[in-house]
Amino acid sequence: MKRVFSLLLAVSLVLTLLVPFTGVVVHKLASTVFLLLCLGHTVASRKKMGPRRWALLGAVVLAFVSGVLSLVFAAIPWVLALHKAISITCVFFLAIHIFAYRRGFRGGVRHDA
């Protein structure tokens, strides 16, 4: 079950990142699914949540909220620029999180032992 959950997280993240190829509608749907899966992932690993992981969840939520605001205030160009900057930063830290905590990776940090 954990593998399926991780796979769904990865697929929704990739679909969210492929906005130039899939379009805005798929991006909105995939980002909503990704946010919901992130919240589920947080609930599943709530005992392991440290300040860095809470900050990462906050960054994901902030990217989602800034995306909603960029849809609402489409006439203001700096709102979309802010969303892009937050999203790129969020993807950077998500990549670090995935690399550091991936199970089965030789040399990665394992917190289950």
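User: Leaving aside its neighbours within four places in sequence, which residues is phenylalanine 64 in contact with?

Analyst: This is a predicted model, in which local features need pLDDT of at least 70 and side-chain atom pairs count only at pLDDT 80 or more, while totals for chains, interfaces and linings use all residues. Residues are numbered from 1 along each chain as its sequence is written, and side-chain values use heavy atoms, with hydrogens and water left out. Phenylalanine 64 lies in helix H4, where helices (H or I, at least four residues) and strands (E, at least two) are DSSP runs numbered from the N terminus. With contact meaning heavy atoms within 4.5 Å, and with neighbours up to four places away set aside, the partners of phenylalanine 64 are Ser31, Thr32 and Leu35.

User: What does phenylalanine 64 count as, judged by its relative accessibility?

Analyst: Buried means under 20% relative accessible area and exposed means over 50%, with partly exposed in between, using a 1.4 Å probe and protein chains only. The relative accessibility of phenylalanine 64 is 27%, and because of that value the residue counts as partly exposed.

User: Which helices and how many strands does the protein have, and what pattern does it follow along the sequence?

Analyst: The protein has 5 helices and 0 strands. Read along the sequence, these elements follow the pattern α-α-α-α-α.

User: At what angle do H3 and H4 pack?

Analyst: The contact between these helices is made by Lys28, Ser31, Thr32, Phe34, Leu35, Cys38, Leu39 and Thr42 of H3 and by Trp54, Leu57, Val60, Val61, Phe64 and Leu71 of H4. Axes are lines fitted to C-alpha atoms, for helices over the stretch in contact, and angles run from 0 to 180 degrees between N-to-C directions. The axes of H3 and H4 are 11 Å apart, and the packing angle is about 155°.

User: How are H3 and H4 oriented to each other?

Analyst: Angles under 35 degrees count as roughly parallel, over 145 as roughly antiparallel, 65 to 115 as roughly perpendicular and the rest as oblique. H3 and H4 pack at about 155°, and their orientation is therefore roughly antiparallel.

User: Which hand does the crossing of H4 and H5 have?

Analyst: The axes of H4 and H5 come within 9 Å and cross at roughly 150°, so that these two helices are roughly antiparallel to each other. Their contact involves residues including Leu56, Val60 and Ala63 of H4 and Ile86, Cys90 and Leu94 of H5. A crossing is left-handed if the near helix is turned anticlockwise from the far one by less than a right angle, and right-handed if clockwise. By that convention the crossing of H4 and H5 is left-handed.

User: How close do the axes of H1 and H3 come?

Analyst: H1 and H3 meet in a left-handed crossing, with a contact to which Leu9 and Leu13 of H1 and Phe34, Leu37 and Cys38 of H3 belong, among others. Their axes cross at roughly 145° and come within 8 Å.

User: Which element gives the largest share of the largest nonpolar core?

Analyst: A nonpolar core is a set of buried Ala, Val, Leu, Ile, Met, Phe, Trp, Tyr and Cys residues joined through side-chain atoms within 4.5 Å. The largest such core has 11 residues, namely Leu9, Leu13, Phe34, Leu35, Leu37, Cys38, Leu56, Leu57, Val60, Cys90 and Leu94. Two or more of these residues come from each of helix H1 (2-17), helix H3 (24-44), helix H4 (51-72) and helix H5 (77-101). The largest share, 4 residues, is given by H3.

User: Why is cysteine 38 in no bond with cysteine 90, and how far is its sulfur from the closest cysteine sulfur?

Analyst: Cysteine 38 counts as buried because its relative accessibility is 10%, and cysteine 90 counts as buried because its value is 6%. A disulfide is a pair of cysteine sulfur atoms within 2.5 Å, and the count by this rule comes to 0 disulfides. The sulfur of cysteine 38 is too far for a bond because the closest cysteine sulfur, in cysteine 90, lies at a distance of 7.7 Å.

User: How far apart in space, C-alpha to C-alpha, are leucine 71 and leucine 13?

Analyst: Leucine 71 lies in helix H4, and this residue counts as partly exposed because its relative accessibility is 48%. Along the sequence, leucine 71 and leucine 13 are 58 residues apart, and in space their C-alpha separation is 20 Å.
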